[in-house]
Amino acid sequence: MNRTTLSLIAGTTALAAVTAFAAFDSPSAAGAAAPKAAAQLPVERTSLLCPAPSTSEIADTAYTSFTPVTKGAASSGKAQLQAAAAQSAQDQAGGGKSKDGKAGKDGKSGKGAGKQGEEPVLTPKAPGTPATGDTSGGEAPALIGTADGRFAPGWTVQETTEVAAGTGRGLLGVNCTGADTEFWFPGASTATGRTDYVHLTNPDDSAAVVDIELYGKDGPIKSSLGENLTVAPHASEPILLPTLTDERQADVTVHVGVRSGRVGAAVQALDDKAGGDWLAAAADPAGSLVLPGIPKDATDVRLIAYTPGDDDADLKIRLASPDGLITPAGNESVHVKSGMTTAVELGDVTRGEAGSLVLTPTDQAVPVVAALQVVRGKGDKRETAFIPATAAVGTRATSADNSAKGTTLALTAPSGTATVKVTASAGSEGGSPATKTYTIKSGTTQDIDAPVPAGLKGTYALTVEPVSGAPVYASRTLAATEDGIPGFTIQTLPNDHGLVAVPETDEDLSILQK
C-alpha cells in the first residue's frame with residue numbers, strides 16, 4: 001500500500017507522517033550539518049477505520065481497543081470510535097446502490113443509514129488495559145476512530161463477529177486500519193456461492209474518488225462500473241463485487257486505487273457452504289513474501305498470487321515448519337503470469353504442524369502480491385479464513401481481543417534466528433500482565449505458548465517485540481468451535497507504528513499526525 005505523507009519543516013529538518021506512520025527526510029540545505037542518530041519517539045495521533053461488520057440479523061460483534069504502554073508517551077489524551085455516515089455522495093444524488101447492488105429508494109442505501117453521531121461503541125481505557133464494546137444485528141455501521149496523546153502510540157482496535165448460521169457463518173475478524181491510497185486483495189472471488197464486498201471508508205472532510213479493478217485467471221476483468229466511485233466525507237460504502245462484472249471467477253485479485261482523497265479498505269469474503277472471514281490488504285508488491293501462521297489442522301490451503309508489472313514471476317514455494325524450511329512435495333514453485341491471477345492448491349500442507357509460507361524468486365525478483373485461503377474442517381463443517389502476505393513485525397506489533405483458550409500466536413523467522421519478547425496485557429475486567437521471551441530458530445515457525453495474564457478476567461492483548469536477530473513475522477489465530485464447526489479468524493501482525501524515528505537535534509520538534 002502507498003502511504004500519503006504530510007511534511008512539516010522545522011529549521012533544516014523535515015518530518016513526514018500519516019496515521020500511525022512517519023518518515024524522516026534528510027536536510028537538503030547546502031552545508032547543513034548531518035543529523036544525529038535518530039531517536040524512537042511515540043507518535044501523537046493515530047486514526048483507524050473499522051468496516052461495517054455484517055448484514056446478518058443474527059450477527060454479534062465485539063470491538064476491543066488497546067494501547068500498549070509506551071515509554072515517553074504523553075501523560076494525557078483521548079481516543080474514541082464514532083459511527084461513519086452510511087450514505088455516499090452518489091446515494092444522496094440518487095445514483096447509489098444498496099448492499100445487494102440495487103438502487104435504494106430515493107437513491108439511499110438500504111441498511112445502516114443515519115448512524116453518524118451516536119454514542120461511541122466503547123470508551124478506551126488507560127494504556128495497558130483493553131476496553132470492549134459490542135453490537136448486535138445487521139445494522140451496525142462502519143466506525144471512524146481517532147486517538148491522541150497517550151492513547152495514540154500503537155493504538156489497536158479489533159472487530160470480531162460471530163454469525164451463527166447462513167452465508168459466511170462462523171467467526172469473522174479484522175484489525176481496524178488507517179486510511180491509504182492503494183490496496184491489493186488477492187483471494188477475492190466473484191464465483192457463484194461467494195458473496196464478496198469491498199468496504200470503503202472515508203475519514204476525511206472531502207469526498208474520495210476510488211477505482212476498483214479486478215484481475216482474473218486470464219487478465220483484467222473488464223468493467224466500467226468500478227470507475228470513479230465516490231465515497232462521501234466521513235462515510236462508508238460496501239461494494240458487492242459481482243455487481244461490477246458478469247464474469248464469475250473463483251480467484252480474483254482486487255486492486256483499489258484512490259484518485260483523490262484517502263480511504264480505508266477491506267474485503268468481506270462470505271461463502272455459502274464454507275463460512276467466511278475478512279480479507280485484509282496484502283503487503284505491497286515485493287519479490288519475496290512471507291505468509292505467517294497457517295493453522296496446523298488446516299485441511300485445505302490455497303495460494304493466490306498476482307504480479308502487477310510487465311514481467312512474469314517465478315517463485316520458490318517453501319514452508320517454514322517447526323524444524324526448518326521445507327519444499328512441499330509437488331509444489332516446488334509457481335509461475336505467475338503478468339497481469340493474471342494464479343492459484344495453487346497446497347492441500348493439507350502443514351500436516352499437523354505449525355507452518356508459514358515463504359515465497360522467494362527463483363531468479364529475477366519480480367514484485368508480487370499474494371494471500372492464502374485456509375480451510376479448517378470437512379464437508380458441511382468447513383470454515384474459511386485468509387492470510388495475506390505481510391510486513392515484518394519491526395519494532396512492535398499488537399494484537400487485541402485474545403482469550404486464554406482460543407488464541408494461537410505464530411512466529412516465524414525465515415532468514416535467521418531471532419529473540420522475541422511477548423507481553424500479555426492486563427485483562428479487560430481484571431488480571432496482571434505477564435511477559436515471556438522466545439527464541440525462534442532460523443527458517444522455523446513456532447506456535448508459541450503465549451503468556452496469559454494472571455487472574456485473567458475478560459479479554460486481553462498481546463504485544464510482540466523483537467529483541468535481537470533476524471526479522472520476525474507473526475499472526476494471531478482466534479478460534480471458537482460451535483456445533484462442531486471450527487470457527488476461526490486470522491490476523492497478521494505487522495508493525496503497529498507506535499514509534500517514529502526522529503533525528504536528535506537542538507531544535508524543538510513536534511510530531512504531526514493526521
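1. A residue counts as buried when its relative accessible area is under 20%. By that cut-off, 56% of the 514 residues of the protein chain are buried. The model is a predicted one.

2. The protein chain contains 1 helix and 40 strands. Take the contacts between residues at least 6 apart in sequence: 80% of them join residues at least 24 apart.

3. One sheet can be followed strand by strand. It is open, has 4 strands in the order β8-β6-β10-β11, and its pairing is antiparallel. Strands β8 (131-136) and β11 (170-175) are at the edges; each has a single partner strand, so one side of each has no neighbour in the sheet. On average, and with direction ignored, neighbouring strands in this sheet are turned by 15° against each other.

4. The pairing at one end of that order can be checked in the structure. β10, residues 156-163, pairs with β11 in the antiparallel sense over 6 bridges. A residue pair to look for is Val163, which stands opposite Gly170 in β11.

5. The second largest pocket holds about 270 Å³ of space. Its lining consists of 17 residues, and those nearest the centre of the pocket are Pro68, Val69, Arg396, Thr463 and Glu465.

6. Which strands each supply at least two residues of this lining? They are β32 (418-424) and β37 (460-469). Sorted by class, the lining of the second largest pocket has 7 nonpolar, 6 polar and 4 charged residues.

Definitions and conventions
Residues are numbered from 1 along each chain as its sequence is written. This is a predicted model: local features need pLDDT of at least 70, side-chain atom pairs count only at pLDDT 80 or more; totals for chains, interfaces and linings use all residues. Side-chain values use heavy atoms; hydrogens and water are left out. On a 1 Å grid over the protein atoms alone, a cavity is a set of points where a 1.4 Å probe fits but cannot get out, and a pocket is an open set with protein on both sides within 12 Å along at least five of seven lines; lining residues have an atom within 4 Å of a point. Grid points are joined across faces, edges and corners, and a volume is the space filled by probe spheres set on the points. Ala, Val, Leu, Ile, Met, Phe, Trp, Tyr, Cys and Pro count as nonpolar, Asp, Glu, Lys and Arg as charged, and the others, Gly among them, as polar. Two strands pair if DSSP finds at least two bridges between them. Axes are lines fitted to C-alpha atoms, for helices over the stretch in contact, and angles run from 0 to 180 degrees between N-to-C directions. Buried means under 20% relative accessible area, exposed over 50%, partly exposed in between (1.4 Å probe, protein chains only). Contact means heavy atoms within 4.5 Å.
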